[in-house]
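Student: Could you walk me through this protein and show me how each label is earned? I would like to see the reasoning, step by step.

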Amino acid sequence: MVRFLRRHSLDKNSAHSHYHRQQQQQNSHESNRSSDTAEMNEPQGNGGGGGTPPLPNGRAAASGPRSRLARDGPPSDLDVLKEKFAKLLLGEDMSGTGKGVSSALALSNAVTNLAASVFGEHRKLEPMAPDTKERWKREVGWLLSVTDHIVEFVPTRQTAENGTTMEIMSTAQRRDLQMNIPALRKLDAMLIGYMDNFVDQSEFWYEKGGDNKRDDDKWWMPTVKVPAEGLSEVTRKWLQYQKECVNQVLKAAMAINAQVLVEMEIPEVYIESLPKKGKTSLGDAIYRSITDEEFDPLEFLEGMDLSTEHKVLDLKNRIEASTIIWKRKMQTKQEAKSSWGSIISFEKREQFEERAETILHLLKLQFPGTPQSQLDISKIQYNRDVGYALLESYSRVLESLAYSVMSRIEDVLGADAAAQNLTATEAARRVMEGDAPRKLDAKEELEKLNEAPASMTLYDFMGWHFDQDELMRKKEEGTLDEAGEAKLKKAPSLAPKKFSYVESLSAGGMRSPSARH
């Protein structure tokens with residue numbers, strides 16, 4: 001028995017020693033192969049000392065993966081997508097300490113910055129570059145994809161296997177997003193299509209580099225040039241038609257943007273910064289004009305100094321603040337049902353508020369490129385609704401782009417008028433015939449505003465202009481049927497719907513700051 005155990009122990013030890021010898025030989029072969037490979041991969045002009053030093057076990061140290069910025073070539077779409085959504089999740093705080101902005105404001109800033117980088121250098125009437133156009137469509141689609149997951153509960157009917165019908169609650173995309181996101185996408189595609197129409201234009205061009213000697217308020221824009229005799233009649237009419245088409249897109253984008261801003265809650269910070277009286281915000285002169293028995297909004301604007309953008313914005317800020325003050329006082333008076341502590345009656349204050357809103361609407365029509373007011377900036381900054389943030393920012397950048405395209409068309413038409421040295425009589429005749437750019441008439445727009453139906457939808461609004469053109473052409477040719485005549489008679493005016501800037505106060509914005517905590 002002892003002999004058997006001893007022999008078994010010797011056999012086991014010999015087996016272990018044989019196994020260790022095989023492992024040492026295998027490691028030796030791997031070490032030789034790795035050293036040979038390192039020598040073959042070593043640069044020839046380095047003197048033999050520039051290779052990667054081997055690790056103690058004989059294997060060469062593997063270099064770590066390089067970052068995206070160190071790679072050759074442009075970043076891939078996946079890298080750009082990761083970077084964008086990383087900034088959104090961090091709230092634009094790259095330190096990761098949680099001090100970033102809200103998700104709504106981060107998305108709003110992302111849309112604004114994307115539009116600035118894509119359209120900021122587009123200063124001529126020409127199509128967008130294919131790669132720039134593709135980038136805009138791709139990246140704005142990424143940002144808008146968030147709206148696909150903003151849902152609400154809606155009642156739906158479900159039929160069971162036994163035939164019984166029951167009503168259950170299911171999720172669907174929020175109604176305002178379901179209606180407005182496709183509409184804004186259509187406006188976006190229409191604007192890009194209008195810019196694509198200006199390909200291969202030979203009747204106007206732009207000065208290059210140092211030849212640009214523009215000395216007006218748009219000194220940074222390139223100077224447009226036309227032939228000495230001006231544009232041809234066909235090109236002039238075509239430019240005017242393009243301007244009218246872009247104008248319809250501008251009005252639609254303005255309508256959506258105004259409605260979204262109305263629905264946003266007025267932040268407490270803005271309410272606390274307001275004075276106690278609307279007269280204090282307006283000033284004595286403006287207050288007397290608005291509260292006068294004989295008030296005409298057109299005469300009021302003609303008497304105001306609106307020569308600069310800063311003065312227009314200052315007037316808008318004053319009137320918006322006074323409107324909110326009057327609305328809050330009306331709500332407080334209605335809740336208290338007492339006439340103590342107020343000299344102005346409820347009816348008078350309501351009349352003043354309506355007059356102020358009319359002035360705000362006319363200011364937006366006459367000066368569509370005016371920067372945002374203090375109220376709008378406060379709403380955007382303190383808004384927490386992601387859906388509202390995307391609708392507001394997307395409609396705002398489309399509004400800005402449409403206004404920019406219209407300004408470029410007006411520059412070409414202005415250069416054409418200067419080239420022909422038109423007299424005042426000739427310019428007036430062209431305005432009557434519709435050949436020259438028609439300036440927006442505040443009185444006419446105000447009359448359209450009063451006649452606009454309340455049941456107007458955005459889809460109807462976007463289709464009216466093009467349907468009416470086709471129907472008018474058929475009417476002139478005598479091929480218009482009865483259905484077309486009925487549709488032409490029923491088509492309403494193209495004025496945007498009037499939106500109240502303080503209507504949302506009744507939904508909770510008129511509560512005092514202390515009552516809202």
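**Reading the labels**

Tutor: Happily! The protein has 18 helices and four strands. Keep in mind that this is a predicted model.

Student: How many of its residues count as buried?

Tutor: Of the 517 residues, 38% count as buried. The accessible surface comes to about 31,300 Å², and 52% of that belongs to carbon and sulfur atoms.

Student: Let's try a pair. Why is the contact of Arg138 with Asp77 called a salt bridge?

Tutor: The label needs a side-chain nitrogen of Lys or Arg within 4 Å of a carboxyl oxygen of Asp or Glu. Between Arg138 and Asp77 the N to O distance is 3.6 Å, so the pair qualifies as a salt bridge. Arg138 sits in helix H4 (residues 130–144) and Asp77 in helix H2 (residues 77–90), so the bridge ties together parts that are 61 residues apart in sequence.

Student: What makes Arg138 partly exposed?

Tutor: Partly exposed lies between the limits of 20% and 50% relative accessible area. Arg138 has 25% relative accessibility, so it counts as partly exposed. Asp77, at 41%, also falls between the limits and therefore counts as partly exposed.

Student: How do you know that Lys243 and Glu410 form a salt bridge?

Tutor: Their closest N and O atoms are 3.3 Å apart. That is within the 4 Å cut-off, so the pair is called a salt bridge. The two residues link distant parts of the chain: Lys243 belongs to helix H6 (residues 233–263) and Glu410 to helix H14 (residues 386–420), 167 residues apart.

Student: Is Lys243 buried or exposed, and why?

Tutor: Buried means under 20% relative accessible area. Lys243 has 5%, so it is buried. Its partner Glu410, at 34% relative accessibility, counts as partly exposed.

Student: Why do Asp314 and Arg318 earn the name salt bridge?

Tutor: Their closest N and O atoms are 3.0 Å apart, within 4 Å, so the name fits. Both residues lie in helix H11 (residues 309–336), four residues apart, which is about one turn of the helix. Asp314 has 34% relative accessibility and counts as partly exposed, and Arg318, at 30%, counts as partly exposed too.

Student: How many salt bridges are there in the whole structure?

Tutor: A search of the whole structure finds 17. There is also a network of salt bridges linking Lys84, Arg135 and Glu139.

Terms used
Residues are numbered from 1 along each chain as its sequence is written. This is a predicted model: local features need pLDDT of at least 70, side-chain atom pairs count only at pLDDT 80 or more; totals for chains, interfaces and linings use all residues. Side-chain values use heavy atoms; hydrogens and water are left out. Buried means under 20% relative accessible area, exposed over 50%, partly exposed in between (1.4 Å probe, protein chains only). Accessible areas come from the Shrake-Rupley method with a 1.4 Å probe; for residues, only the protein chains shown count as cover.
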